[in-house]
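Reader: Hey, got a minute to walk me through this one? Let's start with the helices.
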Amino acid sequence: MRSTSLSNANDYCVSDRTLAAYFETDWSDFFQHKPESLAERPRSLTSSMSSNSSVKAANAILSAIEDYQVRPKSLLEIGPGLGRTLYELCVNLQDIEKVKVFEPSPIFFDHLLRILHGNVKNVPVIKNAQELFYVPFNCRKIVNIFSASSIDLVNSEMKRADLAAYDLVLCLNVLDQCGSPMQLLKDLKNSVRTGGLLCVSCTYQWPSKHLNVGESTIEDLCQCFGSSWEIVDEVELDYSLRLNHRCRYVFDSHLVIVKKLSIQNATSAQ
Ligand SMILES: C[S@@+](CC[C@H](N)C(=O)[O-])C[C@H]1O[C@@H](n2cnc3c(N)ncnc32)[C@H](O)[C@@H]1O
């Protein structure tokens, strides 16, 4: 596994509390509790911390791969956060040989790297409005999965020079959290090989803290793909995130899976 830290950027608005919220929503089934300590656990540690959205996104992508009989060997993910969808795909896609990941947030990058190296012992969970607490985390299964494939993890945004043809490209809930969504979408399209799949999702929020001045936003992802793309599936997913012990935000994430057609197929589809 190779990792490159290039980022001197800000933290992409990820705080310790956001990190705890993402661990809860994405990885709580990997938290380990000893039965004798259950009685003492903080009340905020509930069984409904996970939104399962990342797993559901992975399942939709896996169904599309099966239906379209694609056998991806290479995978690119932009902005994986803590990498739960990536994990689910690598567990289920036996042919994957090469994985490249760009995660610009130093805090997500650092924890993703630790998860993949099996170097996470305790992870933060939200206790109340002010405090976090830590629960043991079992990453043994995760390490076994990732030791099999070659992963290149980069702590930066994708640069134009990094564009390459991948069989499967993922960018989930990133477009409306980045500075230049239209440019990122263009780069994503250019990263997919002919016959490959692009899986992109968005909650269409466009917070001004992320969006660069003068940048255009996207109203409907499905409208962004012309005749050289076939829409394979679109799915609405609940993405819930707890930023306080008794307050949960629920976002509707629109996942669109498209296949890049060969020029010949694209022409005959017109
Ligand atoms: C809302 S989180 C989504 C994380 C994960 N993909 C998921 O669906 O749970 C947004 C992610 O986008 C990343 N991000 C923001 N701008 C980016 C950019 N220009 N290129 C790549 N990733 C970016 C952030 O660091 C963060 O990991």
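Author: Sure, a definition up front: angles under 35 degrees count as roughly parallel, over 145 as roughly antiparallel, 65 to 115 as roughly perpendicular and the rest as oblique. Also, this is a predicted model, where local features need pLDDT of at least 70, side-chain atom pairs count only at pLDDT 80 or more, and totals for chains, interfaces and linings use all residues. Residues are numbered from 1 along each chain as its sequence is written.

Reader: OK, so at what angle do H3 and H4 pack?
Author: About 40°, with the axes of H3 (residues 53-67) and H4 (residues 84-92) 8 Å apart. Axes are lines fitted to C-alpha atoms over the stretch in contact, and angles run from 0 to 180 degrees between N-to-C directions. H3 and H4 are therefore oblique to each other. Helices here are DSSP runs of H or I with at least four residues, strands are E runs of at least two, and both are numbered from the N terminus.

Reader: Which residues in H3 meet H4?
Author: Ser54, Val55, Ala57, Ala58, Ile61 and Leu62 do, facing Arg84, Thr85, Glu88, Leu89 and Asn92 in H4. Contact means C-beta atoms, placed from the backbone, within 7 Å.

Reader: Switching topic: how do S4 and S5 pair?
Author: In the antiparallel sense, over 5 bridges, with S4 at residues 122-126 and S5 at 132-136. Pairing needs at least two DSSP bridges between the strands. S4 and S5 form a hairpin with 5 residues between them.

Reader: And what's the bridge partner of Val123 in S5?
Author: Val135.

Conventions: Contact = placed C-beta atoms within 7 Å.
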